[in-house]
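Student: I would like a close look at one part of this structure. Please take me through the surfaces that face the DNA, one strand at a time.

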Amino acid sequence: MNLLKLSEKKLPFDLDLSLSCGQIFGWKRDGDTWKGVHDGSIVTIRQKENLIYYEGLTKNQVIRFLGLEDPMDEIIGSIRNHIISYNHEPDQFFEEKYAQSEGIRILRQNPWECLVSFICSANSNVRTISRRISLILEETGTSCGINSNEHVFPDPGRLAGCSETGLRRCLTGYRAPYLIKTAAFISSHPGFLDQVKEMEYKTAKEALMVLPGVGPKVADCVLLFAFNHLNAVPVDTRIRSIVEKHYAVHMKVSQGRKIPYDTIGNFCREYFGPYAGYAQQFLYATRDNEKIK
DNA sequence: CGCCAGGCTGTAA
DNA sequence: TTACAGCATGGC
């Protein structure tokens, strides 16, 4: 077991919240130890106050994966400043949510693993998505571990070669063909994701949305949770209902009509600033889980 | 049973 | 452009 000590300025950090808030799927907690897959490795992580115990990754990989170098003082300061300059007063609702989710970090996932995960996330719930990902790893993933009974994500070629019925046995339903087609594309365009990594937000989003099963929401998740675009704002049903209830007054919306996806995202970027993705996550993930509206 | 879930795709207006 | 049915399936 390797040890990482968090300095004062990296606190508070909440491993449980960061791994359970719906950014990543298939991770399981056994006692106080989390186990899951990152970047092709089986990983275990445990937090005891300011100590992080880990296995399966290098120290630098852990720091990167857990977002531990994110300047949280600057991030929350920037978010508050943008709120003030927009509102001319603090945002009580946001502060309530932030108080409940302080300590969370945006994870930096492996892009391919993140992409597969969020194609699987469409119109489902976090529990089911996690089961789905675990099944995909078990059924189609590459085995590793001491007894070869543990699995990491299948690479694109391997996933592209899976049968649709096989994938449907993993609770993927109608998402199965999306997985296969996207895997085939990535497999025949190796370097595609590396190129996307170098693009600025909007270009990268357009590029990702070429992939089957990837719309604006899934693309934003990959951009935020894997590609370090902290201004990406995934708008799912929860974020949508929060924005419609608490922030619709700021947006020019034609009454009785659904607010377009980009209108919500663009508002969040204007209201919360360049760290709108973090603000989104503070709003989405609270310790007193569920019962948002 | 009915409604919802970190939505996307295809089609019609 | 916008609207909307259809999609699989578990959770609750």
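Tutor: Start with DNA strand C. Helix H6 (residues 126–140) gives the largest share of the surface near this strand, with three residues. Keep in mind that the model is predicted.

The residues around DNA strand C are Asn123, Asn125, Arg127, Thr128, Arg131, Arg168, Leu171, Gly173, Tyr174, Arg175 and Arg257. Sorted by class, five are charged, four are polar and two are nonpolar.

Now look at what the protein meets on this strand. Sugar or phosphate supplies 67% of the DNA strand C atoms within 4 Å of the protein, and bases supply the rest. Two asparagines approach bases. An N or O atom in the side chain of Asn123 is 3.1 Å from a base nitrogen of DNA strand C. For Asn125, a polar side-chain atom lies 3.2 Å from a base nitrogen of that strand. Arg168 meets the backbone of the DNA instead: a side-chain N or O atom of Arg168 is 3.3 Å from a phosphate oxygen of DNA strand C.

Turn to DNA strand B. Here 26 residues surround the strand. The closest are Gly22, Ser124, Val126, Gln280 and Gln281. On DNA strand B, sugar and phosphate make up 60% of the atoms that come within 4 Å of the protein.

The class split near DNA strand B is 14 nonpolar, ten polar and two charged residues. Three helices each supply at least two residues of this surface: H12 (216–225), H13 (237–246) and H15 (276–284). H12 gives the most, with four residues.

Which atoms of the protein make the polar contacts here? Take three cases, by residue.

- Ser124 uses its backbone: a polar backbone atom is 2.6 Å from a sugar or linking oxygen of DNA strand B.
- Lys217 also uses its backbone: an N or O atom there lies 3.3 Å from a phosphate oxygen of DNA strand B.
- Tyr284 uses its side chain: a polar atom of that side chain lies 3.5 Å from a sugar or linking oxygen of DNA strand B.

Set the two surfaces side by side. Near DNA strand C, the count is five charged and two nonpolar residues. Near DNA strand B, the count is two charged and 14 nonpolar. For base contacts, go back to Asn123 and Asn125 on DNA strand C. For backbone contacts from the protein, go back to Ser124 and Lys217 on DNA strand B.

How values were computed:
Residues are numbered from 1 along each chain as its sequence is written. Chains are lettered from A and ligands numbered from 1 in the order in which they are written. This is a predicted model: local features need pLDDT of at least 70, side-chain atom pairs count only at pLDDT 80 or more; totals for chains, interfaces and linings use all residues. Side-chain values use heavy atoms; hydrogens and water are left out. A residue is near a molecule or strand if one of its heavy atoms lies within 4 Å of it. A polar contact is a pair of N or O atoms within 3.5 Å; within protein, one must be able to donate a hydrogen and the other to accept it, and residues adjacent in sequence count only if both atoms are side-chain atoms. Ala, Val, Leu, Ile, Met, Phe, Trp, Tyr, Cys and Pro count as nonpolar, Asp, Glu, Lys and Arg as charged, and the others, Gly among them, as polar.
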